[in-house]
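Here is a briefing on side-chain contacts. Aromatic rings and charged groups are the two topics.

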Amino acid sequence: MNKSIVHMPALPSSAAPDRYRGCGSFAVPFFPINARGQPETVRLCTRKRDLTHNHHMAVSANLPSDQNERPRGQTMKTFLLALAVAVLALFLVPWTPAYAQTQPAPSSTQPQAAPAGTPTAILAAPPQATTKITSYTLPPDLYQKAHRRNRIHFRLELIGVVYGIVVLWLILRWKLSAKYRDWSERVSSNRFLQAVVYSPLLLLTMATLTLPLDIYGESVEKQYGISVQGWGSWSWDWVKGQLILYVIGIILIWLLYLVIRRSARRWWFYFWLLSLPIMVFLIFLQPLVIDPMFHKFEPLQQKDPALTASLEQMEQRAGKDIPPERMFWMGAGEKTTSLNAYVTGVGSSKRIVVWDNTIAKMNTQQIVYVAGHEMGHYVLNHIPKGLGFFAVLLFIAFYLGYRTIGWCLARCGAGWGIRGLEDWASLPVLLLLLSVFSFVVNPVASAFSRALEHQADQYGLEVTHGLTPDSGQVGAQAFQILGVVGLSDPDPNPVNVFLFYDHPPITDRVQFCLTYDPWANGGHGEFVK
């Protein structure tokens, strides 16, 4: 569950806190997930994360829960961190799956006539009798588990920030970076070949030193019943994530120092410009190449034709057309008990993904609401808005890195064996500075993400209004199930929410579903008229 040294969403791992339970480096989950077994990302949405046992380095929109509701994603762990790490290809951080026990019975309500002017309800209410949701609650035993687990993840978040900085400092103090540079220069005078030698050595050292936190985070998820992945499978996912990271890292680190050598004064601006198309390309590539390395995907129409038809009806209500071939079923159950659905990719790679666990534990109405939330990210342009917002944060971070790295190298560079800014060995210094800046701005990034997630929750209620009897109750049911399965804390620490939650606390989301009713006096929704 640890965050990488630079605090960015990583390849999926089932150990990360559920707050990052997302899909995609810039994933925007419906229920936050932070598992190496799947977004980040982002979190974004970052995260997540993540490629965790679902490694995500691209932008996706997912459905997160309360306690992870920052969440992550997986950081997810943080979006700026996610962007910084994705751009520097430094590290991939895990995301966490959700805790699943007995499937909570979906709440039900008596069918109500749709208000005048709204479409006739086309999704039948679930046949089974269920309990009406009035607020997000957990039985006493689950409440204690959720609260303890959230406290553990909060401590790990804080420890991960400090520990990540300490690891980078130790790499500098022990002159490991300078040693790796010397080795790369002995191998070849060609700068790209030097990057091929230096980058994996540094990234592997960082990954190895932070591995204990990853393992502890995974053990916590196993203890609480969220991860069901064997250690052998978890380790293989970790290795695959590292290999992907090395490939991306070699290219990005080589480009970074190529730019630094060409322009010592404006490298930060030019590399920022280079990072933007690279991020978009990674977002495009993730669902096509990276995600299938960690999970099995099949066309949703083959797995659940009825659900596919219901989702198409919701899309018609939204005035959007996502063809069935862009809807996928993902087999997450072999690694995690968590629930999720997300929108990921860009252009021809854009798609809706629904986890098998979600289909197993929710009825059609609830899944359609979840998909409506994800549709909101798409219709409201949250992915381009998020990319723009975090590109600005990244711009500021790179500029601050440029303004401060000179002072750091002048003061300590010689003692660390660093010859200058253009030296490969200076990379850990830049990463350390970006880590500090990222932590400082993380509350801003988290607040921005929470605002987007709230909009998506609202859009989900509006687009399903008239399609399902009492869409607010259905939305509350979906969050209740997600909270129980994911052990989302009903009373999270406010500091934790402020610093790390990239989704609103699940208690707030349930309450919003139960109280949002612009149609009561003949009005209409803000996004769906």
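A salt bridge here is a side-chain nitrogen of Lys or Arg within 4 Å of a carboxyl oxygen of Asp or Glu. By that rule, Arg181, Asp182, Glu185, Arg419 and Asp423 are linked in a network. The model is predicted. It holds 11 salt bridges and 23 aromatic pairs.

**Salt-bridge network**

- Within the network, Asp182 bridges to Arg181, with an N to O distance of 2.9 Å.
- Asp182 also pairs with Arg419, where the closest N and O atoms are 3.6 Å apart.
- That second contact links distant parts of the chain. Asp182 lies in helix α3 (residues 176-187), and Arg419 is in the loop between α11 and α12 (427-464), 237 residues apart.
- Burial varies across these partners. Arg181 is buried at 5% relative accessibility, Asp182 is partly exposed at 24%, and Arg419 is exposed at 53%.

**A buried salt bridge**

- Arg509 and Asp457 meet through their side chains at 2.8 Å, N to O.
- This pair also joins distant parts of the chain: Arg509 sits in helix α15 (residues 506-515) and Asp457 in helix α12, 52 residues apart.
- Are the two partners buried or exposed? Arg509 is buried, with a relative accessible area of 1%. Asp457 is buried too, at 2%.

**Aromatic pairs**

- Among the ring pairs is Trp268 with Phe395. Their centres are 5.2 Å apart and their planes lie at 70 degrees, so the pair is edge-to-face; planes over 60 degrees apart count as such.
- Trp268 belongs to helix α6 (residues 267-290) and Phe395 to helix α11 (residues 382-413), so many positions apart in sequence that the pair links distant parts of the chain, 127 residues apart.
- Trp268 is buried at 12% relative accessible area, whereas Phe395 is partly exposed at 27%.
- Phe389 and Phe390 are also edge-to-face, because their planes stand at 90 degrees, with centres 4.9 Å apart.
- Phe390 is buried, with a relative accessible area of 0%. Its partner Phe389 is partly exposed at 23%.
- Ring pairs connect Trp267, Trp268, Phe269, Tyr270, Trp272, Phe395, Tyr399 and Tyr402 into a cluster.

**Charges over rings**

- Lys222 places its charged end over the ring of Trp231, 5.0 Å from the ring's centre.
- Lys240 lies over the face of Phe294, at 4.9 Å from the ring centre.

Note on methods. Residues are numbered from 1 along each chain as its sequence is written. This is a predicted model: local features need pLDDT of at least 70, side-chain atom pairs count only at pLDDT 80 or more; totals for chains, interfaces and linings use all residues. Side-chain values use heavy atoms; hydrogens and water are left out. Rings of Phe, Tyr and Trp (its six-membered ring) pair if their centres lie within 6.5 Å; planes under 30 degrees apart count as stacked, over 60 as edge-to-face and the rest as tilted. Helices (H or I, at least four residues) and strands (E, at least two) are DSSP runs, numbered from the N terminus. Buried means under 20% relative accessible area, exposed over 50%, partly exposed in between (1.4 Å probe, protein chains only). A charge sits over a ring if NZ of Lys or CZ of Arg is within 6 Å of the ring centre and within 35 degrees of the ring normal.
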